[in-house]
Protein chains: 2
Amino acid sequence: MSYVYLLDTTLRDGTQGEGVSLTVADKLKIAEKLDDLGVAYIEGGFPGANPKDEEFFRAAKSLHLKHAKLTAFGSTRRPGVRVEDDASVRAVLDASTPVVAIVGKAWDFHVTEALRIDLDENLAMIRDTVQYLKQHGREVIFDAEHFFDGFKRNRAYALATVRAAWEAGVDWVALCDTNGGSMPHEIHEMVTQVIQEVPVQVGIHTHNDCELAVANSLAAVQAGARMVHGTINGIGERCGNANLASIIPNLELKLGYPCLPSRDHLRLLTPVARFVGEVCNLVAHSYQPFVGHSAFAHKGGIHVSAIQRDPETYEHIPPELVGNERRVLLSELSGVSNVLAQAQAFGIPTEGRETELRRLLERIKQMEHMGYQFEGAEASQELLFRRVLNDFTPPFKVLAVRVDTDVQRQGEATSQAIIKLEVDGEIVHTVSEGNGPVNALDAVLRKALAPHRPEIRRMHLTDYKVRVLDEKDATAARVRVLIESTDGEHVWRTVGVSENVIAASWEALVDSIQYYLALVVPSQALVEA
Amino acid sequence: MSYVYLLDTTLRDGTQGEGVSLTVADKLKIAEKLDDLGVAYIEGGFPGANPKDEEFFRAAKSLHLKHAKLTAFGSTRRPGVRVEDDASVRAVLDASTPVVAIVGKAWDFHVTEALRIDLDENLAMIRDTVQYLKQHGREVIFDAEHFFDGFKRNRAYALATVRAAWEAGVDWVALCDTNGGSMPHEIHEMVTQVIQEVPVQVGIHTHNDCELAVANSLAAVQAGARMVHGTINGIGERCGNANLASIIPNLELKLGYPCLPSRDHLRLLTPVARFVGEVCNLVAHSYQPFVGHSAFAHKGGIHVSAIQRDPETYEHIPPELVGNERRVLLSELSGVSNVLAQAQAFGIPTEGRETELRRLLERIKQMEHMGYQFEGAEASQELLFRRVLNDFTPPFKVLAVRVDTDVQRQGEATSQAIIKLEVDGEIVHTVSEGNGPVNALDAVLRKALAPHRPEIRRMHLTDYKVRVLDEKDATAARVRVLIESTDGEHVWRTVGVSENVIAASWEALVDSIQYYLALVVPSQALVEA
């Protein structure tokens, strides 16, 4: 089957979603992941409208993309202005991307009512802009805004806009269901007609207002469209854009249209979707198709025993194909064999310790019930194993911890942390300050330990995340803190849970530093010796 | 067009969803709401498998349903057992519902591999069970499990199961896409063939594993199915069932198939969907189609000015039709037109205040750059507007704030907050404690204000979220805190941003309480007067 080209617009249309706000650094990280996944085009922003996007395109020049072509989004020239004098068209060129997408009106009602111009002037705007961008060597996509709504009201005019773009030499015309109100059978019918009337390469751009964006995109491909616009996890304005995290596996696995460089790339789908969800702070619904935590979760009973006999009984695809995994709820953690295998992986002696391993398993279940999560906090997990199995000597003991915070003006405060530790048999009582309570704790812990364990200067924290559990308990809810640390060579992650954010942070902080001093440094010494 | 009968299975298949657990009281409340909405059938549970469901059907006898027929779910008789001796079939009859749905196998692979019985015995099980239930005066629905997967592998056998049910006198055969792996064009084709082959009334039951459950349900209706199974908000096992909250408006408004008693009932869709989300503790995604908080929220500057001229420009349906409402968002992408529209919506005078509005817009952009986010924090947004446009008298002034935290054992700590306020010209100096620093701040603020503004006892915080911005700066990063509050009648949300989590929380907390005292309470007083 012929290849379908994916245009990911997470960084442009996706940021129109409520609650989505990305820094330039976020956007660069996402662009790299999208390129790893293997999408054909990455629409990075709207440089004419947003200075932050201009900054993104400047910074993006240093990216080394393997698969994707960076695409700048803009608009047709304004009415009554020569294209070479249009600031927005200039901004799109200044982004220096190989590909440019420009949006223009395809619905006569918008031309006469929103723009309040002549129908012919709109066609000229499309033609001039496409021609000009082609003259400047760009691959050009024309986004025909409201194409389907326009086609239903004035078929001839909607087609005229497509034809104008084509005659001007456009590479692709993306037909947009801007308001997300169309039905799959309508999309199929209208795309078929466009392809019959104009010999241009057609793309599809849909929104999810009827919960049909995925179906509409597939219907368009089945009618002959060969470019699909969408966003990871379907983020975007109102109900979102078409969700590439579902479209990709449907095209690859169900309909037989390749859209990634190889089938192996499909395995990156779940990690990439979760990464984007984290960065956008819109954590994917656990029941999101293909990539959700529950997408291949089976809840007890008949399903589970059938699944164990043959996964095909209750699974439409093997979860590994999209980088996800099967989960059997309730019974999942009940195996001592899992704990045993993990202890052995840490190099902890397990011979004849059945009872202790069962106790450890109970402790893990209890902690997970409290909100701990050891996926992504392997250092805390290893410390827990070693502590319960008596295979750990803490490099210091905490005797007392206190943090005081004075709030000055709105949003400004200073914190002071005081700790009392026992290190090498000596009592250390130290104070330090920071711009926040956790920052102060980090500072005071280093200050207290540095004279005794100078190697602590080689490590630092690189990531700090807070998640409120049981959000409905408001300020009395428990919080989970995840900390990532590095010494430039190793990276490790720790977790803390408490009703008190400072206590949770302190727990993760102490784990991080104890892990480094007790487990990373000695093994390095061993290597150096 | 002919009527489409809705079977809501939120209370049965919906409860298979991960994290969904309903009490009998919850189920009764949901059943009443579903009846208000006007669905034709409410599938209440699986009495043979779940004692809680038997209790539900006993209690449900006291419900006075206006539209819906209560339906009990069961299974065909077990192999090698006479139907009158089957405990599960008895349990379904004992539920005393006018309608019974029984599931049976339609895929030969499941008959021979999962049940490990003869293909003919499976047909006899279907026939016997339908006949027996019909003899007991029930309306009977046969759920043909895995029908579409079965049809693809062994068309003749899948059709034979449908024919067996029909010959036994079944009222409906619901064709199930149990694993959720089918494509809309396949569903359309197979439903068409069933209808050509067997003159039975056909229903459709789909799952959302490919993000196509809504499209698959609509495709089946277009092929002639006249019953649709689904759940409110699409809750259910793995990726969920077909979402009735989207299917209903698509059938009523887009495809012209009536499925509710009247068009007026459609206005209950949003409140019912939100009610179900609350009770199931699976709060609907804000961007859920039709019923989500963001479903008719507009963010882009061009969109907003067009919407103000004519909503049809960027809305596929008027939101009131489904009981939802339009919202205009502010963001970095917005122009002065958004700010003006928003100020007017708040009832703040705007005549001749162009300069101030521009200043306000600059301030918003600056704050958003710092990490503020006013979407989902409309109360802080309104306070900001009123503060900048000099339309606000704060109900108290903050003079000093201090929080001390002592960490005891791992994960445990107590916090003490001390504040100095000016209220009604008086200085109030108060101390209080809490299990966390923010909890202590909340407590001390209420304690300080209660003697002066006793109405504060009527409000409380219902949600508290923390998001670390610039995570890579680790503990020195800025954090954004979002707080939701209610007085049982109104709900409002506020935001705070700082490098110090306590300062950010304090800011959101003060906004919440100032908003309540200055804007919610006075407007209530006005209504009561």
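Strands here are DSSP runs of E, at least two residues long, numbered from the N terminus. With that settled, let's start. One caution: this is a predicted model.

First, the hairpins in chain A. Strand S11(A) covers residues 397-407, and strand S12(A) covers residues 413-423. The two run antiparallel, joined by ten bridges. One pair to find on screen: A:Thr405 in S11(A) has A:Ser415 as its bridge partner in S12(A). Five residues separate the strands of this hairpin. Look at A:Gly411 in the turn: its phi is positive, about 80 degrees.

Move on to strand S13(A), residues 426-434. S12(A) joins S13(A) through nine bridges, again antiparallel. Here A:Ile418 stands opposite A:Val431. This second hairpin has two residues between its strands. A:Asp424 sits in that turn, with a positive phi of about 50 degrees.

So what does S11(A) pair with in chain B? Its partner is S11(B), also residues 397-407. Seven bridges link the two, in the antiparallel sense. To locate the pairing, take A:Val403, which stands opposite B:Thr405.

Now the whole interface. On the chain A side, 95 residues are in contact with 98 residues of chain B. How does the chain A side divide by class? There are 38 nonpolar, 36 polar and 21 charged residues.

Next, the cores. The largest nonpolar core holds 203 residues. Five members touch the most others: A:Val173, A:Leu175, B:Phe142, B:Val173 and B:Leu175. Take B:Phe142. Beyond its neighbours within four places in sequence, B:Phe142 is in contact with B:Ile102, B:Gly104, B:Ile126 and B:Val130, among others. Its contacts also include B:Ala165, B:Val170, B:Val173 and B:Ala174. Apart from the largest core lies another, of 109 residues. Among its members are B:Val407, B:Ala413, B:Val444 and B:Leu517. As background, nonpolar side chains tend to be buried together in soluble globular proteins.

Last, a helix. H15(A) spans residues 378-388. Is H15(A) mostly covered or mostly open? Mostly covered: eight of its eleven residues are buried. The buried residues are A:Ala379, A:Ser380, A:Gln381, A:Glu382, A:Leu383, A:Leu384, A:Phe385 and A:Arg386. After the helix comes A:Asn390, with a positive phi near 50 degrees.

To recap the strands: S11(A) pairs with S12(A), and S11(A) also pairs with S11(B).

Methods. Residues are numbered from 1 along each chain as its sequence is written. Chains are lettered from A and ligands numbered from 1 in the order in which they are written. This is a predicted model: local features need pLDDT of at least 70, side-chain atom pairs count only at pLDDT 80 or more; totals for chains, interfaces and linings use all residues. A nonpolar core is a set of buried Ala, Val, Leu, Ile, Met, Phe, Trp, Tyr and Cys residues joined through C-beta atoms within 7 Å. A residue is buried if 20 or more other C-beta atoms lie within 10 Å of its own, exposed if 12 or fewer, and partly exposed in between; C-beta atoms are placed from the backbone. Two residues are in contact if their C-beta atoms, placed from the backbone, lie within 7 Å. Two strands pair if DSSP finds at least two bridges between them. Helices (H or I, at least four residues) and strands (E, at least two) are DSSP runs, numbered from the N terminus. Ala, Val, Leu, Ile, Met, Phe, Trp, Tyr, Cys and Pro count as nonpolar, Asp, Glu, Lys and Arg as charged, and the others, Gly among them, as polar.
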